[in-house]
Amino acid sequence: MTAIPQERRVVTAIPGPKSLELQNRRTATVAAGVGSVMPVFAARASGGVVEDVDGNSFIDFGSGIAVTSVGSSAEAVVRRATAQLADFTHTCFMVTPYEGYVEVCEQLAELTPGDHPKKSALFNSGAEAVENAVKIARSYTKRQAVVVFDHGYHGRTNLTMALTSKNMPYKNGFGPFAPEIYRVPVAYGYRWPTGPQNAGAEASAQAIDEISKQVGAENVAAIVIEPLLGEGGFIEPAKGFLPAIAKFAKDNGIVFVADEIQSGFCRTGQWFACEDEGVVPDLITTAKGIAGGLPLAAVTGRAEIMDAPHSGGLGGTYGGNPVACAAALGAIETMRELDLVSKARRIEEIMKPRLKEMAEKFHVIGDVRGRGAMLALELVKDRDTKEPNPEATAALAKACHMEGLLVLTTGTYSNVLRFLPPLVIGEDLLTEGLDILEQALAGL
Ligand SMILES: *Cc1c(COP(=O)(O)O)cnc(C)c1O
């Protein structure tokens, strides 16, 4: 692990000359469909900063999309992964199993909500975990239908594209999509016609009515939902919505799947976001924050559901790779030792009041929301009509990038600026990042 000064430093134009040169090589050889948020190439990253190849240092409000919650190249992740690299890089768990995989499953059983017997299966990516959760739920229930929600995001493979709500850029031109997927309303408080206070009850009633009348509860294998919606715009389903949907699933023998790939592992100020309303999912999918940056994903849940598929029905060549498992054990060790659940709450304490102050000053901000270190601003053209303002959102993100603050956008209407700092970021960097954001808002 290299010690990188925890400071913002802009020493060239953004992008600098070395990034520009790499950009030219990239354009010649990397497929155009693979996009990037930042115009700069990374050289090093740790703690709360990402350094580029020109020596610029960015305050990191993105964590590589909620992945490096423990920081990039965190000490315990590097230590454990390095030791594992020296021992063996791969045997394939389906050929010769190893302890690290079992240990990760033990940790997942302990950390995820509910004290029922649990089992896990490990995969390489979030999308793969969601696909497998659907396979497991179908195998257990012997039903086919899958219910998902407006603004939901679950990945880019064929089945998960079908589960995902937003057309551009995720689905456009990539069909046909998998059948037996049904989409119902979610309690998006800010945009719910009768207001946020009614959204939980009304949206859950509407969703349940649609499932019952249009699909038939007895045909539904799984309901898949993000307890705090990520790519849809950091939407917190209004209070009461998640418990009502979870109860409906339970009453009708439907497997309730919480997709905590973005919201999990301390991000929202809990180990998992569904804990805030006491919801215990039957299955939970995790990835992103799980392994400090190495590719790993999991489905964890009730032992009797997880054991439904026949032996050999689940797996994959690389699923639960030993180096990724070692990294996950290092990341989980770091989360426990540094109490990153509390750190995420502290980040909210620092950031949210500042964001609310900005909302009072700048009327382009329609809503401030999120929990822990998963916070967002929704930008609008007019506070009364709530017409989305994707142009201001893009301009604001770009202005921040130019000043050395790495921020991401999101949302069905591309009008949400989201903040996902590493949970180990220094408080001075957080405050400096907020100052830059405020200046950028003033300069719009
Ligand atoms: C990122 C994400 C996925 C997909 O994960 P990949 O590792 O990119 O396949 C699925 N669900 C949610 C909620 C996500 O945020």
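**Exercise 1. What distance separates the centres of domain 1 and domain 2, taken over C-alpha atoms?**

Solution. The model is a predicted one, and the first step is to find the two parts in it. Domain 1 is made of two segments, 17-73 and 340-442, whereas domain 2 covers 75-337. The second step is to take the centre of each domain over its C-alpha atoms, and these centres turn out to be 25 Å apart.

**Exercise 2. Describe the interface of domain 1 and domain 2, going from contacts to area to polar pairs.**

Solution. Begin with the contacts, where 40 residues of domain 1 meet 34 residues of domain 2. Next comes the area: the two domains bury about 3200 Å² between them, and 54% of this lies on carbon and sulfur atoms. Then turn to the polar pairs, of which the rule finds 26 across the interface, with both residues at pLDDT 80 or more. The last step is the count of salt bridges between the domains, which is 4.

**Exercise 3. Which residue forms a salt bridge with E231?**

Solution. The cut-off to apply is 4 Å between a side-chain nitrogen of Lys or Arg and a carboxyl oxygen of Asp or Glu. The partner of E231 is R418, and their closest N and O atoms are 2.9 Å apart.

**Exercise 4. Describe the surroundings of the ligand, starting with the shell of residues.**

Solution. The residues around the ligand include S125, A127, Y153, H154, E226, I261 and Q262, and the whole shell divides into 3 nonpolar, 4 polar and 3 charged residues. Now look at single atoms: an oxygen atom of the ligand lies 2.7 Å from a backbone N or O atom of G126, and a ligand oxygen is also 2.7 Å from a side-chain N or O atom of K288. A nitrogen atom of the ligand, in turn, lies 2.8 Å from a polar side-chain atom of D259. Finally, of the 380 Å² of accessible area that the ligand has on its own, the protein covers 82%.

Note on methods:
Residues are numbered from 1 along each chain as its sequence is written. This is a predicted model: local features need pLDDT of at least 70, side-chain atom pairs count only at pLDDT 80 or more; totals for chains, interfaces and linings use all residues. Side-chain values use heavy atoms; hydrogens and water are left out. A residue is near a molecule or strand if one of its heavy atoms lies within 4 Å of it. A polar contact is a pair of N or O atoms within 3.5 Å; within protein, one must be able to donate a hydrogen and the other to accept it, and residues adjacent in sequence count only if both atoms are side-chain atoms. Accessible areas come from the Shrake-Rupley method with a 1.4 Å probe; for residues, only the protein chains shown count as cover. Ala, Val, Leu, Ile, Met, Phe, Trp, Tyr, Cys and Pro count as nonpolar, Asp, Glu, Lys and Arg as charged, and the others, Gly among them, as polar. Domain bounds come from an automatic or database domain assignment. Contact means heavy atoms within 4.5 Å. Buried area is the accessible area (1.4 Å probe) that two parts lose on being put together, summed over both.
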